[in-house]
Amino acid sequence: MSLYTQHIPNPGMPELVLLHGWGMSSDVWQPVLPQLASRYSLTLIDLPGLGRSARTASCHLAEIIDALLTAAPEQACWLGWSLGGQLAVECATQAPDRVKGIITVASSPCFVERDDWQCAMQEAVFAGFESALLENPKKTLSRFMMLQTQGAEAGRENLKFLRALQPNLEHAALSETLQLLRLDSRGQLAGLQQPIMQIFGERDQLIPQSAAQACAELTGRFVQLYSGAGHLPFLSHPEMFCSDLQQFMESSVG
């Protein structure tokens, strides 16, 4: 299937694929695009069923991974925020020769708690969110935006930005894609061979701080915890984010 894809070429510069999170579109990257576009050749993708992309036939993970790999350059680094980070890890596992490196932002390999993974959203809370989404999608999505910014530095400004995007969000499969947050990608994350940088927010209301340490243990690699950041570190701390991204790209990927 064809996904909404925006290419911002920068000849001779490293290829970077950007994947957004659930309930949003690639427009969420707008505030940092000028800085990223000056150093990288960008491919922004609206995830299947979200933003301006149509849904896949069944919204199954395998179909989504195939669609993302089809839309992406033959070789690139992948930057994924929240659900986009999980999907970047899945793409890297499925096609390791296509993904040169991964940057995940506010992304957990297992968003909903399990018996052996307590650093996640409680099952009852997530189930309540699923029910609320079916009853009132617009209100539930607005609440989700608030949770992403609550208590964080620049939270009010970031929430204003997200809500400005909301009228343009006509998702084809909002409820179906929510189920992707039940993925358990811990094994895939632990088995990655590519360089990876993982960024978390200290005040994230959706991904607890304990998840950062758990991810470090899974990968055996350093993670970044941004002081004062919520679920949107690239919006609340854009200069730090772009600097860390540049350092990772230059030192780990080349």
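## Largest pocket

By class, 5 nonpolar, 2 polar and 2 charged residues line the largest pocket of this predicted model. A pocket here is an open set of 1 Å grid points where a 1.4 Å probe fits, with protein on both sides within 12 Å along at least five of seven lines, and lining residues have an atom within 4 Å of a point. The space inside comes to about 200 Å³.

Who's on the wall? Pro-137, Lys-138, Leu-141, Gln-166, Pro-167, Leu-169, Glu-170, His-171 and Leu-174 are. Helix α5 (residues 137-149) chips in the largest share, 3 residues.

## Nonpolar core

The largest nonpolar core (buried nonpolar side chains joined through atoms within 4.5 Å) has 91 residues. Leu-16, Trp-22, Trp-29, Leu-68, Trp-78, Ile-103 and Phe-234 touch the most other members.

Beyond four places in sequence, Trp-22 touches a list of residues including Leu-50, Leu-83, Phe-129, Phe-144 and Leu-181. Leu-141 and Leu-174 are also touched by Trp-22, and both turn up in the pocket lining.

## Gln-198

Gln-198 sits in strand β6 (residues 196-201). With a relative accessible area of 1%, Gln-198 counts as buried (under 20%, 1.4 Å probe, protein chains only).

The Gln-198 side chain makes a polar contact (N or O atoms within 3.5 Å, one able to donate a hydrogen and the other to accept it) with the side chain of Thr-219, at 3.3 Å. Contacts of Gln-198 (heavy atoms within 4.5 Å) past four places in sequence also include Thr-104, Leu-189 and Cys-215.

## Ground rules

Numbering starts from 1 along each chain as its sequence is written. Local features need pLDDT of at least 70 and side-chain atom pairs 80 or more, while totals for chains, interfaces and linings use all residues, and side-chain values use heavy atoms, leaving out hydrogens and water.

Methods:
Points joined across faces, edges and corners; volume = space filled by probe spheres on them. Helix = DSSP H or I, 4+ residues; strand = E, 2+ residues; numbered from the N terminus. Nonpolar A, V, L, I, M, F, W, Y, C, P; charged D, E, K, R; others polar. Buried < 20%, exposed > 50% of the residue type's maximum accessible area, 1.4 Å probe, protein only.
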